[in-house]
Amino acid sequence: MSAIVVSKAGGPEVLEYAESPALEPGPGELLVKVAAAGINFIDTYHRSGAYQKPLPFTPGTEFAGTVEAVGEGVDGFAAGDRVASVDSKTGSYAEFTLVDAVRTVHVPDAVPLETAAAAMLQGLTAHYLTTSTWPVQKGDTTLVHAAAGGMGLLLTQLIKARGGRVIGTVSTPEKEALARSTGADEVIRYTEVEDLVAAVRGLTENGRGVDVVYDGVGKTTFDASLASLRPRGLLALYGAASGPVPPMDPQRLQFGGSLFLTRPTLSHHIATPQEFAWRTGELFAAVASGTLSIVVGARYPLAEAAAAHAALESRATTGKVLLIP
């Protein structure tokens with residue numbers, strides 16, 4: 001089968017399109033023919049060596065496709081079933097992948113497989129951020145960085161559905177239009193303001209600041225995110241697209257107004273089958289009903305994974321980026 005293989009850490013050029021051995025499902029596993037694999041920033045961290053994995057490996061965890069074969073002891077799945085997961089065991093940048101059945105969900109007929117692949121990791125992340133990390137209430141004012149990215153577009157829609165107000169940050173007029181199209185109330189082009197914090201606070205009542213900041217950018221936005229919060233506000237730092245945040249003195253939280261800081265991750269929010277089913281159920285129901293729009297910004301053939309990574313890391317993309325085997 002064809003797959004992307006990383007034999008050494010480095011830039012996008014280390015993503016090699018190659019032939020890999022055929023896979024067979026073991027006990028409790030499914031062999032899935034991949035229809036689409038989602039590309040996420042964590043994949044670039046694995047590729048670069050920022051998050052180390054044993055070499056060689058095939059990147060990717062998120063995918064949707066059809067069951068090709070079922071391992072011993074698996075109930076509830078059969079060949080031909082439409083499925084999706086965020087937990088590929090062998091890497092999703094491939095024609096086929098293995099996954100534990102208990103970490104796999106059925107995709108409703110009303111949801112296209114490409115949409116399911118685009119929705120899983122970012123959609124589940126946006127779900128836990130807005131329902132569990134900071135359960136958005138009617139009237140809450142939120143700051144969403146990279147509001148035209150895949151995560152930003154999903155966060156905006158889920159926040160608005162819960163009655164919250166969204167202030168988004170973007171870099172270009174085109175990205176501003178996209179952010180507004182999914183419901184952002186206010187959009188700041190950070191490339192055109194001298195003081196991002198002043199711009200954010202100027203959009204809140206009496207300059208008090210926002211209730212919560214959803215920050216997947218990291219290093220370049222962290223200070224502004226903290227400084228944009230109202231007293232006892234929360235910074236949810238869920239990613240590091242611009243690099244990791246340097247160590248900080250916790251007393252900054254005290255002096256900023258008894259602030260809260262959290263660094264959540266998806267695995268802890270879908271740790272049980274019940275929670276996984278709840279989140280995916282709500283996610284797919286919203287997609288199927290049309291109340292949640294999944295924006296696929298780009299599709300790349302599997303062989304062009306390097307170009308897809310380069311585009312993602314250069315901030316040239318909007319919405320979700322997919323690989324199509």
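This report looks at one sheet, two helices that pack on it, and one buried serine in a predicted model.

**The sheet**

Six strands build an open sheet. Their order is S10-S9-S8-S11-S12-S13, and they pair in parallel. Strand S10 (186–189) and strand S13 (260–262) stand at the edges. Each has a single partner strand, so one side of each has no neighbour in the sheet. On average, neighbouring strands of this sheet are turned by 15° against each other, direction ignored.

Take the pairing of S10 with strand S9 (residues 165–170). These two strands are parallel and share four bridges. Gly 168 has Val 187, in S10, as its bridge partner.

**Two helices on the sheet**

Helix H2 packs on the sheet and touches three strands: S11 (210–215), S12 (229–237) and S13. Helix H3 lies across strand S8 (141–144), S9 and S11. The table gives the direction of each helix against one strand.

| Helix | Residues | Strand for the angle | Angle |
|---|---|---|---|
| H2 | residues 113–133 | S12 | about 150° |
| H3 | residues 150–161 | S9 | about 165° |

**A serine in helix H6**

Now turn to Ser 225. This residue is found in helix H6 (residues 222–227). Is Ser 225 buried or exposed? Its relative accessibility is 0%, and buried means under 20%, so Ser 225 counts as buried.

Which residues does Ser 225 touch, not counting those up to four places away in sequence? They are His 145, Val 213, Asp 215 and Leu 235.

Conventions:
Residues numbered from 1 in each chain as written. Predicted model: local features only at pLDDT ≥ 70, side-chain atom pairs only at ≥ 80, totals over all residues. Heavy atoms only, no water. Buried < 20%, exposed > 50% of the residue type's maximum accessible area, 1.4 Å probe, protein only. Contact = heavy atoms within 4.5 Å. Pairing = 2+ DSSP bridges. Axes fitted to C-alpha atoms, helices over the stretch in contact; angles between N-to-C directions.
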